[in-house]
Amino acid sequence: LSMLEKMRVLLTLFWVVPSAFWMSCKGEFANIGVRHVVVTHQLPNGLNLLMVEDPRLPLVAFQTWVRVGSAGDPPGQTGMAALFEHLYFRGTPRRSGEEIFSFLESKGIESNALTTRDFVVFSHLFMPEHLDGILELESDRLMGLEITEERVKQDRLLMLESRRLRVEASAEARMGEALWSLAYRTHPYRWPVGGYPPDVLNLTEATVREYYKKIYRPSNVTLVIAGKIQPKEVAQKISERYSSMPKLPPYSMEKNVEPPQTEERRLVIRENAVSPRVSIGYHIPSAAEDDSFAMDLVASILFEGASSRVPKELIDRRRLLLAANGMAHTPRHPGLFVAHLVLQSAATEAEVQTVEEAFYKILLEMSRTEVSGEELKAATSRLTLELLDSARSLQGLAQFLGTIQAVLGVTSGFTRDFSKYTQVKKSDIRRVVERYLEPNNRSVVVLLPEKAKAHRLKGEP
Amino acid sequence: MRFEMRVMRRSFDLPLLVCFGFFLSWGGSHRVFAADWQRPQVERVFEQGEILRWMDPTLPLVDFTVTLQIGTQNDPEGKSGIAELVGYYFNTLQEDPKLRALGASRSVSVEDDTVSFSVHGLSADRETLLAGLFDTLTILKTKPLDFAALEQLKSTLLKRLDHLAESPVGPVSLLFRRLSAANTPYQRGEILSRKSIQHLTLEDFSRWCLAALSADRVWMTLSGDIGEKEFQVRATTRFREFGFTPKKKGMVSGASLQALSKKTKIPTATNSIPRVTLIEQPGGAQAHIRLGFRLPQSESLRIRAAGAWVNSWLAGTSQSQIQKPLREKLPVSYGLQAQLTENPGLLTWSVLTSTRNEMVGPLVRAILEALRDLSAQVSRQEFQIDEKTLSSVKKAFLGSYVASLGSTQTVISRWLGGEILGFGGASGFDAWVEAIDLLTVPEIQSYLKNSFFGSPLIVVIAGDTKKIQASLTEEKIHFSKPVNWRDLL
């Protein structure tokens with residue numbers, strides 16, 4: 001399921017109050033029972049603020065969203081966006097990395113960082129008394145990160161260590177990487193979020209510094225603050241801390257349209273794995289398009305729960321698979337519907353083909369016959385529920401707001417998408433399956449077990 | 001987009017992954033927190049049953065759970081895996097169509113000491129959710145399985161075991177658990193063995209269900225937008241009248257800290273050579289290391305607090321005694337996680353880390369040396385902690401403790417942990433913070449001297465054993481003959 005889509009609908013459940021108007025949409029959403037109010041604000045230099053006062057717990061979630069992710073990495077410098085997850089903790093002229101750690105840890109502040117194809121986010125969770133300290137730290141890091149060759153070198157190696165841990169040791173992660181690379185020929189979604197190792201090793205102080213100057217500016221950044229705060233007071237404090245940053249034009253990604261896929265693409269990998277696996281990807285619309293809602297529902301009908309279509313047919317009835325999962329990835333640009341099928345360890349290559357055929361038959365059935373009303377209603381309910389679940393914590397709530405702003409670029413009017421899931425009809429489900437999940441639009445990665453050889457990259461110690 | 005959420009846990013050489021054991025981190029709330037925090041309401045409903053209500057109307061969601069004090073450690077001798085099998089049965093073969101139609105979820109979670117039956121959904125559906133929860137529990141009273149279904153269940157579980165090696169830290173954690181929990185009912189860990197699964201019968205399944213209904217203690221929790229009082233009364237009545245019966249003599253279920261503490265003895269250190277065990281595990285260039293030891297348990301909250309403080313100071317933060325030197329002198333690992341885990345009758349301290357197979361020797365050597373130096377200083381009484389360090393670690397600990405109570409689920413699980421470990425229900429929420437706050441330097445020194453160092457160090461390493469052996473040999477670290485990950489099953 002697309003997280004973004006969930007977020008988009010969830011946001012429709014919140015009251016959005018631009019600070020200029022302070023108007024309430026209470027009447028429209030009172031029946032939902034969600035009581036948050038979102039306050040939006042923009043500084044003259046372009047820095048966006050999204051705030052939610054939630055006094056239930058004495059905690060504040062503070063997130064700095066940089067609205068450029070790995071898809072904005074310069075060619076040949078993949079891994080650049082992700083490198084900042086590490087560099088951001090290395091220090092500024094005013095404080096060393098050790099001082100940053102000491103400050104965060106001595107206050108018991110939980111900190112984290114995350115990179116996706118569309119954004120990078122730095123987050124903190126802390127008691128309200130530490131808000132001033134966090135504002136001082138975050139404004140300092142956004143304005144004056146200290147970038148040296150030594151730090152870049154350390155973090156390059158760290159990124160490769162991370163890759164070994166998270167990608168190379170996981171069959172599913174390796175296949176995911178291969179699938180996106182196979183499905184996209186020109187669009188930067190084709191490269192891994194953490195970058196290609198040779199590119200990472202080639203990142204230098206000069207290239208990193210240039211990227212920082214171009215991307216880490218107010219017009220590309222959104223601050224999201226949720227918790228025990230007073231929005232007006234916080235907006236004032238942020239204005240004092242960040243207003244000295246100059247107004248500069250926002251980053252604009254070069255137009256890069258992925259050409260339509262006209263025939264199936266296929267890759268077979270023989271690697272060290274326990275059992276055969278198949279990953280199948282289909283190009284689908286971006287988060288901005290209405291069909292993305294229907295694709296989320298398709299994923300739910302096919303994969304969510306033991307009695308959804310794929311587990312019921314291929315795990316329970318035919319016993320061809322051990323596990324199956326799938327979701328519609330709908331990022332800022334056209335995304336990918338991905339199915340991941342895990343066969344039993346003794347499965348042969350012929351059985352891999354049987355599994356594929358059985359899966360395609362399920363899709364064909366959905367493209368010819370409408371799903372039942374009950375099936376669609378249950379899927380819609382599941383999506384709504386999952387969406388609400390994700391906003392149960394302050395960090396989750398802040399992540400909702402940040403993602404919608406970072407991916408769709410909207411700061412108001414969230415409510416217009418309200419009830420998009422409930423507007424999807426049975427005929428829409430049939431239509432999108434027929435249109436997008438068709439053979440010429442698919443890419444297939446098959447992993448067959450074979451002992452792999454580990455290797456060290458040139459340039460690594 | 002969910003796929004895009006590639007969470008990089010932390011962004012520096014040795015990430016701050018302070019993962020205090022599930023139970024030990026339970027206990028209290030920060031004083032700042034206590035003033036404006038709504039407390040859960042707890043009521044004893046029958047002899048062994050309590051209900052906890054936690055109202056949070058901010059979102060239209062509810063969670064209802066019934067937790068039985070019977071976990072994997074209560075599996076009868078020779079029937080290891082029966083609790084896991086029952087949990088797997090409910091999660092795979094028993095989907096409730098009424099709940100599915102609502103988009104709600106139901107799950108059964110099997111832990112060391114408990115089994116929990118939970119439903120989750122929109123508050124508007126609370127009546128159906130409550131009915132769904134008790135319908136599920138009613139299955140325990142019937143004979144839900146036939147022979148063919150049991151055999152299918154076992155067959156699928158056996159096939160899934162083949163995938164243990166694909167869990168990066170699965171084998172290393174499993175073997176560490178078995179070694180550190182030797183001579184306790186927790187020795188098996190959560191993963192089953194092939195042999196035990198093959199021997200489970202329909203009768204075992206039925207017996208387990210009966211034992212579950214007679215668990216020593218039963219808790220029901222209602223949390224979220226749980227509605228008007230009438231509904232809460234109805235839920236309480238259903239819980240009371242469901243038919244949980246006190247345990248009959250001779251039936252296995254539950255365990256008390258006191259009883260288990262008396263039964264189990266921690267082996268004492270006979271020499272300073274750590275036990276290093278290697279596991280051959282496919283998985284590329286990365287090796288996984290788990291290293292730690294058993295600790296004696298105490299019912300004193302202050303001693304428990306000292307343990308939590310030591311864990312944080314020793315390995316839990318980037319400035320800690322192990323993380324800081326590693327980050328500065330040997331930055332070969334992406335992360336190091338420190339854990340203090342407590343069950344009734346078992347307390348272990350460990351660190352979990354990973355590095356390239358070729359770098360295992362230097363990394364293990366560095367951690368061992370840090371521990372040995374500290375142990376030597378403690379035994380020579382040369383070891384000092386200043387007041388500033390004492391205070392800063394306390395602040396870090398308390399701050400992160402409050403942050404960790406950010407959802408109703410964490411509050412409830414901590415409450416249950418406290419109940420199971422016997423250090424108070426809702427009344428213990430402040431006591432833990434006070435215990436940390438009042439810790440003194442002599443208490444910490446006494447804890448380190450008398451409680452922390454003493455058990456043999458256990459080191460388990462999984463990866464490409466050829467390369468790991470070469471690396472360990474170069475560092476003059478002895479190790480036993482490698483085992484294959486399949487041998488663990």
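Visitor: Where in chain A does A:S308 lie?

Guide: In this predicted model, A:S308 sits in the loop between α11 (291–303) and α12 (309–317) of chain A.

Visitor: Is A:S308 buried or exposed?

Guide: The general idea is to compare the relative accessible area with a cut-off: under 20% counts as buried. A:S308 has a relative accessible area of 1%, so this loop residue is buried.

Visitor: Which backbone atoms does the side chain of A:S308 reach?

Guide: Look for pairs of N or O atoms within 3.5 Å. The side chain of A:S308 reaches the backbone oxygen of A:F303 at 3.3 Å. A polar atom of that side chain also lies 3.3 Å from the backbone nitrogen of A:E304.

Visitor: Which residues does A:S308 touch, not counting those up to four places away in sequence?

Guide: They are A:S300, A:I301, A:L302, A:F303 and B:R100. The list thus includes a residue of chain B.

Visitor: How should I read strand β11 (residues 277–284) of chain A?

Guide: Begin with burial, then take the two faces, then the partners. In β11(A), 8 of the 8 residues are buried, so the strand is largely enclosed by the rest of the structure. A:R277, A:S279, A:G281 and A:H283 point one way, while A:V278, A:I280, A:Y282 and A:I284 point the other way. Both sets are buried.

Visitor: Which strands are joined to β11(A) by bridges?

Guide: Strand β13 (residues 335–343) of chain A is joined to β11(A) by 8 bridges, and the two run antiparallel. Within β13(A), A:L336 is the bridge partner of A:H283. Strand β14 (residues 442–449) of chain A also runs antiparallel to β11(A), with 6 bridges between them. There, A:S279 has A:V445 as its bridge partner.

Visitor: How does the length of helix α14 (residues 373–390) of chain A compare with what its residue count predicts?

Guide: The check is to set the expected span against the distance between the end C-alpha atoms. At 1.5 Å a residue, the 18 residues of α14(A) should span 26 Å, and the end C-alpha atoms are 26 Å apart, which agrees.

Visitor: Which residues of α14(A) are buried?

Guide: Among them are A:L376, A:A378, A:A379, A:T380, A:S381, A:R382 and A:L383. Further along the helix, A:L385, A:E386, A:L387 and A:L388 are buried too.

Visitor: What does A:L385 touch, leaving out residues up to four places away in sequence?

Guide: A:L385 is in helix α14 of chain A and counts as buried at 4% relative accessibility. Its contacts are B:L61, B:G103, B:A104, B:H120, B:G121 and B:L122. As for strand β11, the C-alpha atom of A:L385 is separated by 24 Å from that of A:I284, 101 residues apart along the chain.

Visitor: How many residues does the largest nonpolar core have?

Guide: To read a core, take its size, then the residues with the most contacts inside it. This one has 70 residues, and B:F64, B:L68, B:W208, B:M220 and B:F244 have the most contacts. Helix α2 (residues 82–93) of chain B gives the most to this core, with 7 residues. Another core, of 67 residues, lies apart from it and includes B:L326, B:F397, B:I420 and B:V459.

Visitor: What are the totals for chain A?

Guide: Its secondary structure comes to 17 helices and 14 strands. Of its 461 residues, 62% are buried. Chain A exposes about 17,300 Å², of which carbon and sulfur atoms supply 51%.

Terms used:
Residues numbered from 1 in each chain as written. Chains lettered and ligands numbered in written order. Predicted model: local features only at pLDDT ≥ 70, side-chain atom pairs only at ≥ 80, totals over all residues. Heavy atoms only, no water. Core = buried A, V, L, I, M, F, W, Y, C linked by side-chain atoms within 4.5 Å. Buried < 20%, exposed > 50% of the residue type's maximum accessible area, 1.4 Å probe, protein only. Helix = DSSP H or I, 4+ residues; strand = E, 2+ residues; numbered from the N terminus. Expected span 1.5 Å × (residues − 1). Polar contact = N/O pair within 3.5 Å; in protein donor to acceptor, adjacent residues only side chain to side chain. Contact = heavy atoms within 4.5 Å. Areas by Shrake-Rupley, 256 points an atom, 1.4 Å probe, with all protein chains shown as cover. Pairing = 2+ DSSP bridges.
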